[in-house]
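Student: Could you take me through one part of this model closely, and then connect that part to whatever else can be said with care?

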Amino acid sequence: MGKEIFNSFVTAQFQFDRTAEWLGLDLPTRELLRSPLKEHQFLIPLRMDDGSVRIFRGFRVLHNDARGPGKGGVRFHPDETIDTIRALAMWMTWKCALLDIPLGGSSGGVACDPHYLTLREQEQLCRSWVKRLIHELGPQIDVPAPDIMTGAEHMLWMLDEYESLRGEKVPGFITGKPVGMGGSVGRIEATGFGLVFILREALKELGMPADGATASVQGFGNVAQHAVRLFEQMGGRVVCVSCWDQKDAVSYAYKKEPKIEVKALAEITDRFGGIDKDKAARLGYEVLPGEAWLSQDVDILIPAAVENQITEENVPTIRPRVRVIAEGANGPTTVGADRTIGERGILVIPDILANAGGVTCSYFEQVQSNMNYYWEKDEVLGKLDVKMTTAFNDVLEFAKRKKLAMRNAAFAIAVARVAQACKDRRWV
Amino acid sequence: MGLILPARPSLALFDRRFFTGKEKFTAIGGGDIGGKAQGLALMRDILESRLVERFRPQIEINIPTLTVITTDLFDVFMEQNGLYDLALSSFRDDLIAGAFQKADLPAQLVGDLRALITQVQTPLAVRSSSRLEDAMFEPFASVYATKMIPNNQMSPDSRFKKLVEAVKFIYASTFFKDAKNYIRATKHTTADEKMAVIIQEVVGVRHGHRFYPHISGVARSYNFYPLGHAKPSDGIIDLALGLGKAIVDDGIAWSYSPAYPRANPPYNTLADLLTQTQSEFWAINMGWPAEFNPIKETEYMMKFNLGDAEKDGVLQFLASTYRAQDDKIVYGVAEKGPRVIDFAPILKFDLLPLNAMLQELLKLCEDTLGRTVEIEFALTLDERRGTPARFGFLQVRPMVVSSALVTISEEELTGENVLLASQSALGNGVLDNILDIVYVKPEKFNVHYSEAIASELEKLNHWLVTFDSPYLLIGLGRWGTSDPQAGIPVNFGQICGAKVIIESALPETSSMLSQGSHFFHNITSFRVFYFSVGAEDPYPIDWGWISRQPVIQETDYVRHVRLSSPLKIKVDGTTSRGVIHHD
C-alpha cells in the first residue's frame with residue numbers, strides 16, 4: 001500500500017524530535033531518548049520438519065527503562081527489520097508513560113512467516129529466541145508479550161523455556177499467556193476494547209452518539225474483531241473490514257450494509273485475521289480492493305492492521321463525512337498524511353493512546369502473575385476502562401490547553417514523563 | 001390502560017462524577033431505564049418546581065443521587081454470557097444466582113462502575129427497575145431484589161467487587177422462582193422482562209457500625225381499610241424507624257391516616273400497642289457481615305433493637321415511653337421505660353411539617369400519574385434540633401382501585417349456600433370462574449408449622465398456575481407476615497395464582513391486617529379479593545361444606561378440592577362487604 005518510502009523508525013524519530021523541540025529538552029536528553037538503550041540482533045538456525053536447516057534473524061530492542069522494566073511484543077513477520085523493532089520499542093516507551101504504567105519500552109521479533117512454519121518449527125523458534133536472550137529478559141528486566149502472528153501458545157513456549165533455563169517458576173516473565181496458565185482474563189479483548197473505550201470518549205467530545213455511528217476498519221485480527229464487537233454493542237455499525245489474503249497475496253475489503261456480522265465473519269477467518277474470500281462472498285459480502293476500507297462514507301476509520309497504511313497518496317480518498325480516526329495499529333499514518341488529516345479537522349486518536357489497552361492489560365497480567373493471584377474479568381476491564389479514559393481526558397485537556405493536535409499532545413505528555421524519569425535518575 | 005410514559009425520559013449520561021457532577025440523575029447505557037426509574041424521572045422536575053421551595057428550610061426534598069444501568073446492558077449481559085437457557089429453566093434460585101455471579105458484566109459498563117466506586121465511600125442501594133414495572137396494572141412491588149451495600153471498604157477493589165456482585169444479583173432476581181410465578185400471573189412472560197438497575201445513594205446517618213435513615217415511609221393516596229372518620233381517599237401512611245424493609249417486608253409500621261395524624265392506630269390496649277409497634281429496626285451493617293454471601297439480599301442488612309437506636313441518640317424525635325405505674329404513654333424519651341415508636345414529636349407536636357408535605361406530595365403524584373399512588377421515602381433529621389430534615393423521595397408507583405359497581409345487601413350475607421361472608425373484604429367486583437379451593441386444614445394448623453405450610457402452598461400454587469386454574473385460598477392467621485407465629489409467612493409469588501384469599505383470624509391475636517406490606521399492595525393491585533373473617537364474626541366459614549368436596553391433592557397441612565360448579569364471589573368496595581356463594 002502506498003508508494004512513499006517508509007521507515008517506521010524515521011517516523012518515530014521525527015515524532016520525537018518534534019516533541020523534544022516543543023518541550024525544549026536539552027541535548028543529552030534528546031540524544032538519550034531518540035535511540036534505543038540496547039539492541040540485540042542474532043541468528044537462529046532452525047532444523048525444519050523436512051530435515052533442512054534454515055537461518056532466521058531475531059531481534060530485541062530496549063528503548064528505555066527509566067520508568068520501569070522494558071515491555072514489548074514479539075512479532076513473527078517476514079518483513080521484520082531492526083528499524084521497525086526500534087520504532088515499536090520507542091512507541092512502547094511513550095505508550096507506557098502516557099498511560100502512567102511503571103514500565104519502559106521494548107520490542108522484538110523474528111523475521112519469519114508463520115503461514116509457512118509448522119507449530120513445532122514455531123515452538124523451536126520461540127525457545128531459541130528465549131535462549132539467545134536469557135540474560136536480557138525477566139520480570140525485573142524486560143517482559144515480552146504477543147504481537148503480530150504470535151499468540152498465547154507462543155508465550156507459553158517462551159515461558160517454559162525461560163523457566164527451564166532458570167530452574168524456577170517465573171510467571172511474570174511474559175504476558176499474553178493462556179488463561180489458566182498465568183494469563184489474565186480480558187487480555188485478549190483488551191486492545192480492541194480499550195480502543196473503543198477511547199473512541200467512546202472521543203465521540204462524547206464531538207457530541208456524536210455512539211448509537212448509530214458508522215465505521216470502517218482495516219484488519220480483522222484480534223484487535224479489530226474485539227473493537228468491532230464492542231462498538232456494535234454500543235450501537236455503532238461497522239460497514240466494512242479489510243484484511244490480507246495470503247492465498248492471493250493482496251488485501252481485500254469486505255463490505256455489507258447495514259453492517260457486517262462480526263460473529264459470522266469471525267467464523268470464516270483464520271488465526272492470522274485472514275477472511276475466506278469465497279465464503280464471505282457467499283455470505284453476501286461485497287468483495288472490494290483492500291484500500292476500499294479507507295474510502296467508505298462513514299463517521300469513523302479504524303486502521304487496525306500494520307504500519308504505513310494511510311499515506312499522502314491515499315489520504316485524499318477519505319470521505320468528508322469522516323470525523324474520527326482511531327489508530328488501532330502502531331504507526332498506521334505517515335507524517336505527510338497526518339498533516340493533511342489535521343488540516344481537514346478530523347480528530348485523530350493517536351496509536352500510543354488508542355491501542356494502549358493491550359499493554360495496559362499486559363501490565364495487569366504481570367501484576368497478577370507476580371502475585372500469583374488472578375482477578376475477575378469485571379475487575380480487569382473496569383480498571384482498563386478507567387485507565388484508558390483517564391489517559392484520554394489527560395491528552396484532550398492538554399491538547400485544548402496548549403492548542404495541540406491530539407497526537408502531539410499525547411507525545412508531549414509521554415516524552416516529558418520519560419525525560420523527567422531520566423533526570424530523576426541522574427542519567428542526564 | 002396503564003400510564004403512558006415516554007420510552008426514555010431525557011437523562012444525562014453518567015459522567016463518572018457521582019456526587020460532584022452537575023446531574024444527580026443519570027443513566028449508563030442507551031436503553032430503557034425501567035419502571036421504577038421512569039416514575040422518579042417523571043417526578044423529578046415536578047418536585048423541584050412545585051414542592052421543594054414550599055417546605056424549605058425545614059425539609060430539604062430531593063431524589064437521592066442515582067444512576068441507572070439501562071436495559072440494553074442487561075441484554076448484552078444475558079447474551080454474551082449465554083444465560084437465557086439457565087435463567088428460564090426451573091433451576092433453584094441459588095443456582096441461578098451463582099451462575100450470574102460467575103458471568104461477566106458488559107465491558108462498556110464496568111469502567112463506569114469502577115469510576116463510581118473510586119469516588120464514593122458511602123452506602124449504596126442497588127435496586128431493580130424492570131421494564132414491566134411500567135405496565136401499571138402490574139405493580140411488581142418487592143418482586144425483584146434490592147441490595148444494600150455499605151461501600152465503606154478501604155480498597156476500591158473490594159468496593160467494586162461488592163457493587164458488581166450486587167448488580168449481578170439484581171439481574172439474577174429477574175429469574176427467581178417467585179418472580180417467574182408472579183409474571184406468569186400477568187399477561188407477560190419472563191422472556192419479555194428486561195432489567196435496569198438503579199444505583200442510588202442511601203439516605204441515612206452512620207452510627208458506629210449502623211447506617212440507617214431516622215424514618216422510612218410508605219404513603220398511599222387510597223386506603224382500603226379506612227377506620228373511624230377517615231375516608232378511603234384520605235390515604236394512609238406507614239412510618240418506621242430505620243430502613244423501609246420493616247414496612248414493605250415485615251409489615252410493622254406506625255400506620256395513620258394523613259387526615260388524622262394525631263390519632264393512634266386501632267390497638268385494643270396499650271399492651272397491644274407495645275407488642276404491635278416496632279421493637280426492632282433494619283440498618284445497613286457497616287462492619288463485618290455475618291457471612292459473605294453475594295447471593296443473599298440481606299448480606300449487609302441487620303436488625304437492631306430499640307436500645308441501639310436510643311444509644312445512637314435518635315429516638316428523641318421519634319418515640320414515646322410507656323409508663324407502667326399508671327399504664328400510660330408519655331411523649332418523648334425523658335423517662336425510663338419501654339419505648340413506643342409513634343413519631344409523636346412529628347405527628348402530634350408538629351416538630352416537622354412532614355404530614356402536610358406528604359399530603360401535598362401524594363396529591364402531586366396523583367395529579368401527575370392520573371391515578372391513586374403509592375410512594376416510598378426516607379428521612380433523616382438534624383440530630384440536635386430535629387430540623388432541618390432531609391427527605392429522600394425513593395419511589396412512586398400507581399395503585400389500582402376498581403370502580404365497578406357492586407352492591408351486597410345485608411340479606412345476601414346469610415343463607416344456606418353462603419360459604420362465607422365478611423364485613424371487611426378488600427377489592428371490588430364479581431368473580432364466577434373459581435372451581436378450585438386450597439385451604440389450610442384447620443384441624444392440623446399450628447403456628448409452629450407455618451413455614452412448612454408456606455412451602456406446601458407454594459408447590460400447590462405452582463401446579464395450579466401451570467394449569468391456569470385460579471383458586472380460592474383459605475388460611476388461618478395473617479397472610480404475608482414475616483412473623484411465623486402470627487400467620488403464614490408467604491410472599492406473594494408463593495400464592496400468586498389465588499384470586500380470592502380468606503384470612504381467618506387466629507383466636508388469640510388481633511385481626512388487624514398487615515396492609516402496610518408489599519404483600520397487600522400486590523393483592524390489591526392484582527385485584528385479588530381479600531376476605532378477613534374474625535373468630536367471632538357472624539358469618540363464619542362453612543367448613544362442613546368444604547370438607548365434603550372432592551379432594552384433588554392433599555399434603556400434611558393443606559388440601560386442594562375441586563368443585564363441580566363455580567363459586568359466585570362478590571365484593572362491594574364501598575361498604576367492604578363480601579360474600580361467597582356455592583351452588
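**The paired strands and their surroundings**

Tutor: In this predicted model, strand β1 of chain A and strand β2 of chain A, residues 53–64, run antiparallel to one another and are joined over 10 bridges. Within that pairing, A:Phe42 has A:Gly58 of β2(A) standing opposite. As general background, the strands of a sheet pair through backbone hydrogen bonds, in either a parallel or an antiparallel sense. The pair belongs to an open sheet of 5 strands in chain A, whose order is β1-β2-β4-β3-β5 and whose pairing is mixed. The edges of this sheet are formed by β1 (38–47) and β5 (142–146) of chain A, each of which pairs on one side only, and from one strand to the next the twist averages 20°.

Turning from the sheet to the contact between the chains, 17 residues come from chain A and 16 residues from chain B. On the side of chain A that touches chain B, the helices α6 (187–206), α7 (222–233) and α13 (377–402) of chain A each supply at least two residues, and α13(A) gives the most, with 9 residues. Sorted by class, that side of chain A has 6 nonpolar, 4 polar and 7 charged residues.

In chain B, helix α6 (residues 156–173) allows a check on its geometry: at 1.5 Å a residue its 18 residues should span 26 Å, and because its end C-alpha atoms are 26 Å apart, the expected and modelled spans agree. The helix α6(B) is also mostly covered, with 14 of its 18 residues buried.

Key. Residues numbered from 1 in each chain as written. Chains lettered and ligands numbered in written order. Predicted model: local features only at pLDDT ≥ 70, side-chain atom pairs only at ≥ 80, totals over all residues. Pairing = 2+ DSSP bridges. Helix = DSSP H or I, 4+ residues; strand = E, 2+ residues; numbered from the N terminus. Axes fitted to C-alpha atoms, helices over the stretch in contact; angles between N-to-C directions. Expected span 1.5 Å × (residues − 1). Buried ≥ 20, exposed ≤ 12 C-beta atoms within 10 Å, placed from the backbone. Contact = placed C-beta atoms within 7 Å. Nonpolar A, V, L, I, M, F, W, Y, C, P; charged D, E, K, R; others polar.
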